[in-house]
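Open the model in your viewer and keep the sequence panel beside it. Each stop below says what to select and what is there.

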Amino acid sequence: MTASKQPDLVTDYLDAILVGNRGRAVQVVEEALKGGMAVRDIHLGVIQEAQYEIGRRWQENLLTVAQEHLATAVSQLVLSHLYRHLPRSPRNGKRILLACVEGEQHEMGARIMADLLEAEGFEVRLLGSNVPTDHLVSMAAEMRPDLVALSASMSFHLEALRRAVSRLRLVLGPRVPILAGGRAVLWTPGIEEQLGVPPAPKDANGVVEAVCTLLRVDLRRTGRGAVPPSGLEGR
């Protein structure tokens, strides 16, 4: 599928999720797959781009909370549908714990990153949105991951992010890397230094690259195509 067709795909997909048409949304991505578009590019170039537009309209009061939830619920379904098409590299033996901090309801970006990291061969446990810090820490203590990635999209959840990082450090020690991402992190200069974490990756490629670099794993980029900006954020 040519790059010139991608804007049409985003428009068609956006039209479907805005009215809650699950069947049409699935049909759009199925047609993209049949046209040769990589699953990774559908994740980032279609679904996430459409969700960014949903988020923009919600922030500008062009959509109600109910309409935003309707569209996002359809995208969650489509991601589940695409999961079986996800190309996967052989397992590399590294485990990642991925979660949205306490209070953070926007998990779309984290879900997409979980899929991309699994495609790279990582074992990923995604805890989803609004994970209470106590439960996050308990899971980390039980799982003993090689890396923890946390997402905070809204600035008023930065304090929850600080608490989570501090508590995880006590349980996991200083040698387990912690990544913090999401728009709240990207829009807060110096927050990574305050938290004692690596610089926040600016896009999806950066997240995957950062994880591979920190864990000393060769980057494979399974199913890679042209990838637009992304990150651990999203609606």
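The tour goes from confidence to strands, core, salt bridges and a few single residues.

**Before selecting anything**

This is a predicted model, in which local features need pLDDT of at least 70, side-chain atom pairs count only at pLDDT 80 or more, and totals for chains, interfaces and linings use all residues. Residues are numbered from 1 along each chain as its sequence is written, and side-chain values use heavy atoms, with hydrogens and water left out.

**Stop 1: colour by pLDDT**

pLDDT is the predictor's confidence in each residue, on a scale from 0 to 100. Its mean over the chain is 90, and 91% of the residues reach 70 or more. Now select residues 225-231, where pLDDT stays under 50. The model has 28 contacts for this stretch beyond four places in sequence, a contact being heavy atoms within 4.5 Å. Where pLDDT is low, the predicted coordinates should not be read in detail.

**Stop 2: the strands**

Helices (H or I, at least four residues) and strands (E, at least two) are DSSP runs, numbered from the N terminus. Select strand 1, residues 95-100. Is this strand buried or exposed? Of its 6 residues, 5 are buried, so strand 1 is largely enclosed by the rest of the structure. Buried means under 20% relative accessible area and exposed means over 50%, with partly exposed in between (1.4 Å probe, protein chains only).

Add strand 2, residues 123-126, which runs parallel to strand 1 and is joined to it by 4 bridges. Two strands pair if DSSP finds at least two bridges between them. To find one of these bridges, pick Leu97 and its partner in strand 2, Arg125. Follow the chain from strand 1 through helix 5 to strand 2: this β-α-β crossover is right-handed. The term applies if, with the strands pointing away from the viewer, the path from the first strand over the helix to the second runs clockwise.

Then add strand 3, residues 147-151, which pairs with strand 1 in the parallel sense over 5 bridges. Here Cys100 has Ser151 of strand 3 as its bridge partner.

**Stop 3: the nonpolar core**

A nonpolar core is a set of buried Ala, Val, Leu, Ile, Met, Phe, Trp, Tyr and Cys residues joined through side-chain atoms within 4.5 Å. The largest one here has 47 residues. Show Tyr13, Ile17, Ile42, Val78, Phe122 and Val211 as sticks; these have the most contacts inside this core. Elements that each supply at least two of its residues include helix 1 (6-18), helix 2 (22-34) and helix 10 (204-214). Which element gives the largest share of this core? Helix 5 does, with 7 residues.

Stay in helix 10 and pick Val207, which is buried at a relative accessible area of 3%. Val207 and Met113 are 94 residues apart in sequence, yet their C-alpha atoms are 8.0 Å apart in space.

**Stop 4: salt bridges**

A salt bridge is a side-chain nitrogen of Lys or Arg within 4 Å of a carboxyl oxygen of Asp or Glu. The count by this rule is 9.

- Glu118 and Arg88: the side chains meet at 3.0 Å, N to O. This pair links distant parts of the chain, with Glu118 in helix 5 (residues 108-119) and Arg88 in the loop between helix 4 and strand 1, 30 residues apart. Glu118 is buried at 15%, whereas Arg88 is partly exposed at 38%.
- Asp134 and Arg167: the closest N and O atoms are 3.0 Å apart. Asp134 lies in helix 6 (residues 133-143) and Arg167 in helix 7 (residues 158-172), so the pair ties together parts 33 residues apart in sequence.
- Glu53, Arg56, Arg57 and Glu60: salt bridges that share partners join these into one network. Within it, Arg56 and Glu53 have their closest N and O atoms 2.5 Å apart. Both lie in helix 3 (residues 39-59), 3 residues apart, about one turn of the helix.

**Stop 5: two single residues**

Select Leu77 in helix 4 (residues 65-83). Leu77 is partly exposed, at 36% relative accessible area. Its C-alpha is 7.7 Å from that of Arg22, 55 residues away in sequence.

Finish at Met154, in the loop between strand 3 and helix 7. Met154 is buried, at 17%. Leaving aside neighbours within four places in sequence, Met154 is in contact with Glu104, His106 and Ala184.
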